[in-house]
Amino acid sequence: VLSERTIRRPAPSPVRPWRAPWSKAPPRDEMDAKYGDKAVRAVVPGLGLSLRLPRRRGSGAGTAIRRTICALLAFALLVFLPLRSISGRSSSALPRADCGPVATESGGDEPAPANLRSLVGEDGHLDDRRFTVLLNTFKRRDLLKKAVAHYATCENIAEIRVVWSEQVPPPTRGEENGAYFGPKPSMVTYDTHTTTSIQNRFDPPATNGANAISTRAVFNVDDDVRMPCAALTRGFDAWRANRDVLVGYYPRTHKPDDAGCGWRYVWDDFSLWRHGDFSIVLTKAAFMRTGYMSLYSEGLPQSARRYIDEYKNCEDIAMQILTAKVTGKPPVYVPVPTMHYLWAKLEGFGVAGISKGSGHHVHRGECITDLSRMIGAGEPSSTPLVRAPLQAWRG
């Protein structure tokens with residue numbers, strides 16, 4: 001039998017809207033009602049914000065204040081230490097007197113030909129309404145098949161030339177149901193090379209004849225880069241407006257090293273934004289004149305070729321130095337779509353490549369110093385590279 005006593009239930013507490021910790025602090029009476037003497041407010045100077053920091057039992061106001069100070073110090077370290085590490089010297093810094101002798105390769109450096117421009121050749125008879133894709137690949141078959149299939153769907157592409165450096169026969173049209181030739185097999189050619197050199201990407205297939213490239217522009221691209229077709233068209237438009245320089249999607253720059261005796265390679269987005277300039281575009285996705293392949297194969301000193309093959313790095317820096325020496329101009333930067341950039345970053349995790357090696361970016365700074373000297377700049381403190389404000393091309 002139920003008791004006649006009244007069953008008292010506690011009144012439901014009012015539902016309060018969620019408030020972020022960084023939002024405007026509630027009134028003092030509300031703080032006191034909720035936390036009593038265990039509530040402390042910490043004000044962030046200059047922002048007009050305050051953090052609601054409940055005290056732990058047994059702790060005083062000093063503990064909460066110390067936590068706030070530690071958080072502000074941590075924020076300062078995260079912001080200002082990277083700035084200190086990338087600030088470097090100004091672009092006009094001179095080398096110190098104690099840099100020491102310049103190391104040279106045994107046998108001495110070979111000067112670049114005096115008239116490099118003549119090696120580019122005449123290309124007025126070539127097609128300038130379309131371009132050729134030079135697809136660089138090496139033992140990444142899945143990426144190769146995806147890249148061929150993708151670029152076959154883009155406009156303005158005359159043909160796709162795969163730089164085949166694997167020391168085995170290239171795929172045939174009947175292999176894996178034609179997956180290595182994409183939806184348009186007639187536009188795909190595999191150019192075989194007798195070595196695995198990373199410089200094969202700049203080795204011209206032929207200067208004349210049926211196997212020669214028929215367009216004035218080539219788009220150098222790695223097999224792990226699938227540039228959206230619309231961005232590719234915009235890059236080609238930028239090249240047609242700037243035919244004598246490299247036009248690319250991934251900018252980099254150089255700065256004097258801490259000793260002032262050489263150059264440092266600046267590659268990450270934050271540092272590039274802080275410096276506000278660029279002098280290099282990566283040839284993993286860049287347009288250039290077809291004749292610059294002959295410029296590279298015939299104009300690059302043999303000492304530089306041996307250097308690049310030994311370290312398996314920096315062929316793109318060598319190409320940038322050569323074109324800057326010929327033209328005296330910086331490259332042109334075309335931005336990639338934001339979503340493509342973020343997706344490419346995610347896809348790049350776990351993919352093997354030269355740039356994933358330890359010390360890769362440090363060595364590229366050494367490359368700028370050494371290759372600038374070999375190609376004809378003279379002193380380690382000078383380079384043919386030309387810096388420009390980090391601004392996207394707007395046609």
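Buried means under 20% relative accessible area, exposed means over 50%, and partly exposed covers what falls in between, using a 1.4 Å probe and protein chains only. This is a predicted model, where local features need pLDDT of at least 70 and side-chain atom pairs count only at pLDDT 80 or more, while totals for chains, interfaces and linings use all residues. Residues are numbered from 1 along each chain as its sequence is written, and side-chain values use heavy atoms, with hydrogens and water left out.

**View 1. A salt bridge along helix H3, between Asp142 and Lys145.** A salt bridge here is a side-chain nitrogen of Lys or Arg within 4 Å of a carboxyl oxygen of Asp or Glu. For Asp142 and Lys145, the closest N and O atoms are 3.7 Å apart. Both residues sit in H3, three residues apart, or about one turn of the helix. Asp142 is exposed, with a relative accessible area of 52%. Helices (H or I, at least four residues) and strands (E, at least two) are DSSP runs, numbered from the N terminus.

**View 2. The open sheet of seven strands and the helices packed on it.** Reading across, the order is E5-E4-E3-E6-E12-E7-E13, and the pairing is mixed. Strands pair if DSSP finds at least two bridges between them. E5 (188–192) and E13 (332–333) stand at the edges with a single partner strand each, so one side of each has no neighbour in the sheet. E4 (residues 157–164) and E5 run parallel and are joined by five bridges. Helix H3 (residues 141–151) packs on the sheet and touches E3 (131–137), E4, E5 and E6 (217–222), its direction making about 170 degrees with that of E4. Helix H6 (residues 291–299) also packs on the sheet, touching E3 and E12 (285–289), and its direction makes about 90 degrees with that of E12. For these angles, axes are lines fitted to C-alpha atoms (for helices, over the stretch in contact), and values run from 0 to 180 degrees between N-to-C directions.

**View 3. Asp191 and its partners in E4.** Val163 stands opposite Asp191 of E5. Asp191 also forms a salt bridge with Arg161, with the closest N and O atoms 3.0 Å apart. That pair links distant parts of the chain, Asp191 in E5 and Arg161 in E4, 30 residues apart. Both Asp191 and Arg161 are buried.

**View 4. Helix H6 against helix H8.** Seven of the nine residues of H6 are buried, so this helix is largely enclosed by the rest of the structure. Its cover includes E3, E12, H7 (302–311) and H8 (315–327). The axes of H6 and H8 come within 10 Å and cross at roughly 105 degrees. The two helices are therefore roughly perpendicular, a label for angles of 65 to 115 degrees. On the H6 side, Tyr292, Leu295, Tyr296 and Gly299 make the contact; contact means heavy atoms within 4.5 Å. Their H8 partners include Ala318, Met319 and Leu322.

**View 5. Arg216 and Asp123, a buried salt bridge.** The closest N and O atoms of this pair are 3.4 Å apart. Arg216 lies in the loop between E5 and E6, and Asp123 in the loop between H2 (61–87) and E3, so the pair ties together parts that are 93 residues apart in sequence. Arg216 has a relative accessible area of 18%, and Asp123 has 7%.

Conventions
Parallel < 35°, antiparallel > 145°, perpendicular 65-115°, else oblique.
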